[in-house]
Each structure stands twice: as C-alpha cells, then as structure tokens.
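User: I have a structure open here and would like to talk through a few of its features. Could you help me reason about them?

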Amino acid sequence: MRKPERKFIVTLLLCLVTCGGGAFSLTPSKQIYDRRGAPVRGFLSENETYYRPVSLSEISPWLIAAAVAAEDKRFFSHAGVDAKAVLRAAWQNASGGRVVSGASTITQQLVRAVEPRPKTLWGKAGEAWDALILERKLSKEEILNEYFNLLELGNLTQGAEAASQFYFGVNAADLSLAQAAFLAGLAKSPTYYNPLKHFARAQKRQKYVLKRMLDEGFIDKEMYELAVSEPVELRAQARPFDAPHFTRLLKPLIPEGAADVTSTLDRELQLYAEGLIKNYVFRMKDENVTNAAVVVLENATGTVLAYVGSADFYNEIHHGQVDGARALRQPGSALKPFAYALAFEKGLLTPASLLDDEDTFFEGGFRPRNYDESFHGLVSARSALASSYNIPAVKAAEKTGAPALLSLLRSLGLTTLNRPADFYGLGLALGNGEVRLLDLTSAYATLARGGVYRPVVLALSPSLILPGKEGRVLDENTAYLVTDILKDNNARAPAFGLNSPLSVPFELAAKTGTSKDYKDNFTLAYTPRWTIGVWVGNFDASPMQKVSGITGAGPIMHDLAVYLNEKYPSAPFKTPSGVTRALACTQSGLLAGAACKHTKEEVFLTDKMPAQCDGKHRSAVPALQIVSPAPGDVFKWDPSIPAASQQIKFSAVCAAKVCRWTLDGKNLSSRSCETWWPLAVGKHRLAVMCGSGTQEVRFEVLP
C-alpha cells in the first residue's frame, strides 16, 4: 500500500475520536418503532450493517476481557504489533507448511476493519505499520472503544451493541460472562462461527475463549465452570419489514445522529390494514382492480396511525413499490364537501337550500352529468351532497367561484392543486385536479377537528412533522354543517341505499369519490377521534370495470372503521353553540312558516338563518343569487337597432334588498337589485354584493 493511502487510514481513525467523540461520528443504522415500542423496520448504516455505537463504558468488562484474552493477550503492553506473536505465528506456519496461526493485534484488527486489505505480505506489513502509528496517537481505551464499535460479528451486525441486542436481546453493558465469551469468539470468523447456522462451532469457540480467560487470569476456576455450564440461549431478534412505504417516507427526515425513532404508527392496526387491503384487492381482481392504499390519522394530534401504500410491496407486475398514499390521483366527488362548506360559510347556501338538478350548461360550455345519468329536479343541499349529485355541486361552486374554492383547498393542504383557477374551472368541485390520498385524508381530518388544519405528524421521538401551517381554515359551525350531512345515512339513501358500506353502527361521516373512466375511487370517513382515507385503482392508470367509491374503496373503509372503533372508540359528534336546529320548509328551503305543511328539521348557522317561508313555498337562496344574466350567457350587438334599445337586465335575489354592482371591476351607480345596462362588445365579469355575500357571473357580448 502506498504511503498516502496509509496516512489516510490513520487520519480517518484519528478523526473518529478527535473530531466526533469516537464512533459516534459515524452514522448509526436507524431503527423505527411504533408508538408502543414494537419494532417496525430497521435501516442499514452506510457500511450496510446494523450499527449501534456506544462508549467503552457501556460495554461489559467481561467482553473486553474475553476479546483481549482470545485475540491479543499482550494488548496493554505492546505498541501496536506483538513481536512475540509474530515470531510464534511465523514458526507455526513454517512448521505446518500452511497458515495455522495469526498474529494480528486488536489494533491491527481495528485498522483492517476501517480499510480491509489483501492477505499478502505487503498487505500485512502495511497493516502493521498503520497500527504502530495509531498506537502513538491514541490511548488503549480509545482503540478499544473504536474496536468494539467497528467489529463485525455476523448477520449484518457491526459493533458490540448491535450484536448483543441481536443475538441475546440485551445491551452490551448487560452481557453475562458466558454471553461475552460467545460474542468474542465470533470475531475470529463471523461466517464460520455464525451461530444461526453453526451453533455447535460457535459454542466450541466460546469454550476456547473461556479457557483462555482462565489461563490468562481474567477469571478463576469457579467463574469458568459456571460460565461453561451456563446455557447460551440465542434470542435472535426478528428484523421486521413493516410499513415499507411509510418508513421510506420517514427515513430522509430522521436527524443524522438519531438511531431510535418512535413513529406514530400503531403496528397492530398497520398489519390489519395491510391484510385487509390485500384480501379485498384479490377479491376484486376480476374487475381489473390491482391496488389500493390506506391512511389513518388521529385527529387531535395529526399523527399517522396506519399508512399502506399498495396491496403488495413486492409485486413488481402491479408496481407495488409505488406509494399510493402520495401518488397524484383525481379524487372525483371527494372534493364536493369543501365546495358546499364554502357556500355555507359565505351565507350563499344552507343545508336546506334548494338546488335545481337539471341539465345545465356552465361557463365555458361545461355540462356535467350525474353518476346515475339522470336528473332529480329540486333537491336540498343536504340531499345533493349526501347523494353526491354532480350538477348541484357545480352550482354550489359557481356561487363562490372557482378561485375561492381553490384557495380553500390549498389552505387544507391540497397543495398539488398548483395550477391557476381558470385551469380547473368549476370542474374543481368534481375533482378534476390531482391530489394525494395523504393530503386528502388530512383535509377531512380538518373537518373532523371543526375546521382547524394541522400538519401530518410521522414520529413522536424525535418529532417529525410534514410541512404545513397549523391554523383555522373553516369556522367550527360551518365544518359541523358538512359533518352533519356526511353522517346522515338517510340523506344518502336515494343514491346508495340504507345498507351501503358507509353505514356503520356508530356515528361516522363519510364521502366517496370516483374519477372519470373509473381510474380512481376514494372513500373518506371520520369520527371525532380518527379519519380514514382509502384509494382503490391501478398504478398503470388503466380503468377498473365500473368500480366506484362505494363498491371499491367503500368496503375497505367499512371493515377498517369497525375494527378501528373497537381499538380507538369514538364519541358522537357534538353540536357547536353557533349551530341552530330548526324546522325548514322542504318546498322553499326557508325556515318553516305557519302555512308550511312539509317540513323537516335542519341545521343552520345561527348568524346566517334564512328568511321564513311566506306560505307560497317559493324556493330561494338564503342570502344572494344573480338571476340574470346566467353564467356563460352570450349576447349579440345589432348595429341596425338603436343603441338605447339594446340593454340587458342585471337582476339578483337579495334578502337585504340592497345590491352593489361591479362590472369588470368598476362600480355601477345603481343600488337596486334590478338594473339595466347598455350592451358593450366584449367579455364581461359581473359581480353583486349583498350584505356579507358576493356572487359573480361571466358573460359575453359579440359584435
């Protein structure tokens, strides 16, 4: 070996001690545990070993004595190379005509552990030279400290601590004399003496080490006999490979010096979810379903209880190593609750408001269709959301505008919706953007928390939290209105029946979502205590055979929710003080009056109660609606007609009877809710404000 190379090795060893406090300067292998201390997965060190550095004071004196007796009895007296041992080995090897004895000191073995070299004369000479240099720079204690941390003892264990924990389930400081001699014996050849394959060899080597300790005076006869007679029980720890997608997400976030990580996972729940997904996907294979993913969050803390990224991590055909919890997918109707929430909060709708589910053209020629390919006429916002009708959802989004809805979704953590609002349009309410299951589950947990967004937490110690800004996103009362609808099994019965997978024997708010062409389906569900997100589909984007959220993700959610509620029981939802229950007229969507015969109890925001029905049962919105022009209307300027005769009426329904109009950002003088405007060629944006509400439409005048 060239001199610069030898100098590098010695410098490296010196830096291990002087630059970083011994072996602690090397990156240890990471071990991830669940929230109750059960091992979940371990990661190898940069040396591809399980490596757990400790100081010399944390290593059993028996192990130090055993190693010195077996490997280097003159360790404390030589200068790095044992001349007597070298001469003895040379004589024995020459006499036997083969290598029958070695002469490497502990210091030389340490040099070799850092930089293995060929077993040639020059290789041994370079090793000896570096050992001599090292002995001049480091104390014997520092050399032993590094030796017991870098020593490889088989089965990917490096160092006394990792080996002690793996073979015996104890720390290196707690090794008995018999156990210490057993480990010291493995150092000679971890492969040949591998106790998991050749236990008898390892035990024979252990007895040799004990005899050497006796002969060198490290132990007396009685201690020797007790150690020889002590049965050595291997407790080789299983190295689980659970939650591979979750741990892969977690690993890059672990601080460099951290070895043990207590994650937020519940391993028992994790294994149940993994098995559940695998079984359901197998049962749906004839419908071209090959994968699924699950996320379970604890609402109060934002911690992850379970995280399954695919049905089978090892399935290469169906891309099992893709993480379905973070893959970008279209959520379909799973975004509808947030469109309604925004309309409720702005006072533009109440759960009792009537929306006309009819064939409708929206701005840009957008013409949505319902899942059942039919129209349902006037339906309440409650029924429309619970039954997941598409056209009313778009009308709800139209009232607030796509930009406001997009802003809300982003504040809920759906940051992958990173295109301008015009790109998505009103179709955003139907899930035409791409989101992650993890983010969507967190957004639903925000509803469960009463409108407070909280970033997702992955680990408790050290604390590891995904990016996000905690804070209130929706009013508590608004969030409850949405929750009250999503937990209403009767309201969703027209679309899903009373005994759908969303029905469970406890209070559960739930919503499904199915993307176009059946490429993705979702089911999100929550109680006050926890939130579940399920995705079902294919990573190659091939469509399923008409598998929707209710038939694909729904059954997985159902079984998981029942299991979860036994493990983490949840109380019913509490009605906030700002919510009022009152009778609503089902024919108008207003508060029931004396003449209203068809009524139903409904929930309202106390500070945004609708007007009372006058008995004529005229449907109305609680605060504001532009009646004319309709969104997307197109008018034609006719030069043959006098300009004064070419006007259109701006008309709005407003409870306060006072309207403030703006056209293309400029205020109009009229304060009436009906006013006339002379046509002007171009594309126009009309907005009206009434009380705290705002409504906007776009229309065009052609030349």
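User: Which elements each supply at least two residues of the lining of the second largest pocket, and which one gives the most?
Analyst: Happy to help, keeping in mind that this is a predicted model. Two elements, H20 and S14, each supply at least two residues of that lining. The one that gives the most, with three residues, is S14.

User: What is the volume of that second largest pocket, and how do its lining residues divide by type?
Analyst: Its volume is about 720 Å³. The lining counts 30 residues, and Ser333, Arg369, Tyr371, Asn390 and Thr514 lie nearest the centre of the pocket. By type, the lining divides into nine nonpolar, six charged and 15 polar residues.

User: Why do the buried residues of H20 line one face of the helix?
Analyst: The buried residues of H20, which spans 489–496, are Asn489, Ala491 and Arg492. Seen down the axis of H20, they line one face because they fall within an arc of 150°. Asn490 and Pro494 are exposed on the other side of H20. So the value you need is the arc of 150°.

User: What do those buried residues of H20 pack against?
Analyst: Two of the partners are helices, H14 (381–386) and H19 (476–486). The other partner is strand S14 (509–514).

User: Which residue caps the N-terminal end of H20, and which residue with a positive phi follows H20?
Analyst: At the N-terminal end, a side-chain oxygen of Asp488 lies 3.1 Å from the backbone nitrogen of Asn490, so the cap is a polar contact within 3.5 Å. After H20 comes a residue with a positive phi near 85°. The cap is Asp488, and the residue that follows is Gly497.

User: Is Asn521 of strand S15 buried or exposed, and which backbone nitrogen does its side chain reach?
Analyst: Asn521 sits in strand S15, residues 520–526. Its relative accessible area is 0%, so Asn521 is buried. Beyond its neighbours within four places in sequence, its contacts include Thr514, Trp535, Met544 and Gly552. At 3.0 Å, its side chain reaches the backbone nitrogen of Ala553.

User: Where around the axis of H16 are its buried residues, and what arc do they cover?
Analyst: In H16 (402–411), the buried residues are Ala402, Leu405, Leu406, Leu408 and Leu409. They are on the same side of H16, because they cover an arc of only 160°.

User: Which helices do the buried residues of H16 pack against?
Analyst: One of the partners is H13, residues 336–345. The others are H15 (390–400) and H17 (421–424).

Conventions:
Residues numbered from 1 in each chain as written. Predicted model: local features only at pLDDT ≥ 70, side-chain atom pairs only at ≥ 80, totals over all residues. Heavy atoms only, no water. Buried < 20%, exposed > 50% of the residue type's maximum accessible area, 1.4 Å probe, protein only. Helix = DSSP H or I, 4+ residues; strand = E, 2+ residues; numbered from the N terminus. Arc of directions from axis to C-beta. Contact = heavy atoms within 4.5 Å. Polar contact = N/O pair within 3.5 Å; in protein donor to acceptor, adjacent residues only side chain to side chain. 1 Å grid on protein atoms, 1.4 Å probe; cavity = no way out; pocket = protein on both sides within 12 Å on 5 of 7 lines; lining within 4 Å. Points joined across faces, edges and corners; volume = space filled by probe spheres on them. Nonpolar A, V, L, I, M, F, W, Y, C, P; charged D, E, K, R; others polar.
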